[in-house]
Structures are given as C-alpha cells and as structure tokens.
Amino acid sequence: MSKHILVLPGDGIGPEVARIAVDCLKAAASAEGVSLTFDEAPFGGAGLDACGKPLPEETLDKARSADAVFLGAVGGPKWDDAPERPEKGLLALRSELGLFANLRPVKVFAGLEGLSPLKADRVAGADLLIVRELTGGLYFGEKREGRETASDLCTYSADEVARIARVAFRAASGRRGKLTSVDKANVLATSRLWRSTVNQLAPEYQDVTLDHMYVDATAMKLVTHPSAFDVILTENLFGDILSDEAAVIAGSLGLLGSASLGEGGPGLFEPIHGSAPDIAGQDKANPSGAIASAAMLLRFGLGEARAADRIEAALQAQLKSGRTTADIGGSLGCRAFGAEVCERLAS
Ligand SMILES: NC(=O)c1ccc[n+]([C@@H]2O[C@H](COP(=O)([O-])OP(=O)(O)OC[C@H]3O[C@@H](n4cnc5c(N)ncnc54)[C@H](O)[C@@H]3O)[C@@H](O)[C@H]2O)c1
Ligand SMILES: CC(C)[C@H](C(=O)O)[C@@H](O)C(=O)O
Ligand SMILES: [Mg+2]
C-alpha cells in the first residue's frame, strides 16, 4: 500500500530545500520499491498569503490524514508585522499533532571533520542526539504583551517531563548508554521539577548512565568537548538554542535534520534551520538538512529503514566528495548539489 506524504514547502529557502528532499524521497523509494504519494499545502507565510492564516484548516486536515509531514521552513521579514506570525502556525501544528518529542542528531563523520569551523581534533568523533521537548515550556505558556511590560510563562508538569525523558532514556539505551539532562535548576522552578522527575525514572533504565548539566555550561562544553555527549535531554527553549549551536559541530546549520514525533499519528520532519531570508531565491541553500530529514521521515515516520539508509549513505558520499554548497566551503548551488545526491540514490 502506498504511504502518503504532505509537503509544506513554506517560505524563503523552505521551498528550495523541500523540492530537493522530495526528489530524494522519490529516488530512494523507487530504488527500494517503496510506494509514496505526495500532496502540498500552504503553510507559514505562504498560508497567510493564500488563506490569511499561517496554519489554514485545510492544511491541518491534510496533515492529520497524512502518514508523514515534511516541512521546508517558515517565516520572513514580509510577515514580521502580520497579526499572526508564520511561526505561530508551526507551533500550532506541533501542538495539534501532539509532537512532543523532537529528535535532532548531530554527527561528525570520519573524514568530514574539516567541514566544521571548529578545530578538527575537537569535533572528531562527535555523535550526539538532542532530544528536545517540543510542546511545552515558554513557547506555550500564557503570554502578556503590553507596551511597558511583557511576560511569557514557563510551565511544565511532571507528566510532560516524564514522557519526553522516557524517549531520551530509550534513545540512550539504544546508543552509547549516556544521558545528559540539561536544565537551569540553580535558578528555575521548572528545571528543579525537571531534574527530580528525570531522577525518579533513572532506576528503570539500568543500562543508562544519567548526569545533569546546567544549560550555560552545556553551551560551552558543546564546542569544547562535543564528543563527550551521547544523548542530551532538554526543554523546549534550551533545545532550540543548543541545537543551532550543535549544528556547527558538524559544519553548518544547513546540515541538520529533525524528527518531531508524538504518540502515534503522523510525524513532522524538517531541517532545523529557518527560511534564511538573506540567501532565499539565490540557489545558495544547503539542502543537506532537508535531505537528512527526508531520511528520518522514512525511518521514523514510515518504518522504511532501507530507503532511509540509502539516503543517508548518498548524502554522506556527496559530502565526502567535496562537491558541496558554499556554507561548508564548496561552490555548488542547492539544485546542483541535490541533483548529484539524487544521481547517487538511483545507482
Ligand atoms: N523550522 C522553521 O521553520 C524555522 C527554524 C528557524 C527559524 N525560522 C524562521 O526563519 C526566519 C529567519 O530566521 P534566522 O535568520 O534567525 O535563522 P535561519 O536559520 O533562517 O538563518 C540563520 C543563518 O543561517 C544561514 N542558513 C540557514 N539555513 C541554511 C542553509 N540550509 N544553507 C545555508 N545557510 C543556511 C542563513 O543564511 C542565516 O545566515 C525567521 O522568520 C525565523 O523565525 C524558521
Ligand atoms: C521557527 C521557530 C518557532 C522554531 C522553534 O523555535 O522551535 C525553530 O527555531 C526551530 O528550531 O524549529
Ligand atoms: Mg530553532
């Protein structure tokens, strides 16, 4: 039976990288005998332009009935003063689909240490997974927006912490067995609840070694000793910030993909970068993060591990060839890079 994918190209470089990801999905599926169907819907700024809303109802309905959703990126200066920003649509989509678990892997492959702006001996061997809580915390707390004062409420319940912590414990158990829970428990009440909830679960996962680290120290250690981490578990805002930082361990923000998963229902797969208005429309975007997200869609969204492996191998081979986009020192455009990855997928 064929599996149905909803594509939300979004804004800026979103449509540029989403196009490449779809080409890769088609090539990998055809090589592995997997049957996929695709549909597209307006979302983000494109949703505002088409229907006056960043998450039009029809788009949400299509997302709910898809097997998996692929997103390019949303946002841009054009909609900065819109009554509802494009980003609000993304938060609503994550919340409506119950996507509380955001997985953001960062890996420095042997021979590709030179892609990083950090020293090669520092990044060598880095292979970590950020497990970011995605539907709670400051992003979703009550907001008060006045002229003189404003506030964003940060709330977490023990249940919300426990369900994301279990995802991280299980991930660590299937990897190198090391879990670092990142918080700011020296200052924040939500972090103290976070820490005690994670501690309570630890005895259930005897094969996992748990430690805790403050977010500021983690930000430092990520660039000084990235290979010290296996799985990082953290709340919504800290995970957002640390994952952009962690992207440069591998080389560039354009390299990282992500999977946002709930309890059943379609997952959402998207590169971690944004719409990059500074390079949009110039064929300069690195589509690697989108391609990596396509592989995660096949693996975690559709259970098609062989097709996912095929995409990951092709992407790695392309990066190793040195024929890359400008953000990691090459001279290929987004389309040419994507076309070369697709050629590898077919062979
Ligand atoms: N998931 C998403 O849709 C998402 C994620 C982050 C930011 N945003 C939105 O994107 C807009 C721009 O935000 P920003 O500029 O802070 O972040 P950004 O990630 O769009 O760009 C940050 C920098 O990284 C570069 N960059 C990003 N992706 C790249 C790629 N694939 N290849 C090469 N270079 C790349 C950009 O050119 C820019 O210099 C904002 O509206 C923001 O809210 C959306
Ligand atoms: C666009 C924005 C709402 C989003 C976030 O903060 O989660 C983005 O930065 C991300 O990392 O996916
Ligand atoms: Mg982000």
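Helices here are DSSP runs of H or I with at least four residues, numbered from the N terminus. The model is predicted.

**Exercise 1.** Find the helix that holds D216, then decide whether D216 is buried or exposed.

*Solution.*
- Step 1. D216 sits in helix α8, which covers residues 215-224.
- Step 2. Recall the cut-off: a residue is exposed if 12 or fewer other C-beta atoms lie within 10 Å of its own.
- Step 3. D216 has 12 other C-beta atoms within 10 Å, so D216 is exposed.

**Exercise 2.** Place R104 in its strand, classify R104 as buried or exposed, and list what R104 touches.

*Solution.*
- Step 1. R104 belongs to strand β4, residues 101-107.
- Step 2. The cut-off for buried is 20 or more other C-beta atoms within 10 Å.
- Step 3. R104 has 25 C-beta neighbours inside 10 Å, so R104 counts as buried.
- Step 4. Leave out residues up to four places away in sequence; R104 then touches I130, R132, S243, L256, S258 and I272.

**Exercise 3.** State which residues UniProt lists for "binding site", and how they are spread.

*Solution.*
- Step 1. The unreviewed UniProt entry lists R94, R104, R132 and D216.
- Step 2. In sequence, these residues spread over 123 residues.
- Step 3. In space, their C-alpha atoms are up to 26.6 Å apart.

**Exercise 4.** Describe the shell around ligand 2: its members, its classes and the helix that gives the most.

*Solution.*
- Step 1. G75, E87, L90, L91, D240, I272 and G274 surround ligand 2.
- Step 2. Sorted by class, the shell holds 3 nonpolar, 2 polar and 2 charged residues.
- Step 3. Helix α4, residues 86-96, gives the most, with 3 residues.

How values were computed. Residues are numbered from 1 along each chain as its sequence is written. Chains are lettered from A and ligands numbered from 1 in the order in which they are written. This is a predicted model: local features need pLDDT of at least 70, side-chain atom pairs count only at pLDDT 80 or more; totals for chains, interfaces and linings use all residues. A residue is near a molecule or strand if its C-beta atom, placed from the backbone, lies within 6 Å of it. Helices (H or I, at least four residues) and strands (E, at least two) are DSSP runs, numbered from the N terminus. Ala, Val, Leu, Ile, Met, Phe, Trp, Tyr, Cys and Pro count as nonpolar, Asp, Glu, Lys and Arg as charged, and the others, Gly among them, as polar. UniProt positions are given in the numbering used here, feature names are shortened, and annotations may be inferred rather than shown by experiment. Two residues are in contact if their C-beta atoms, placed from the backbone, lie within 7 Å.
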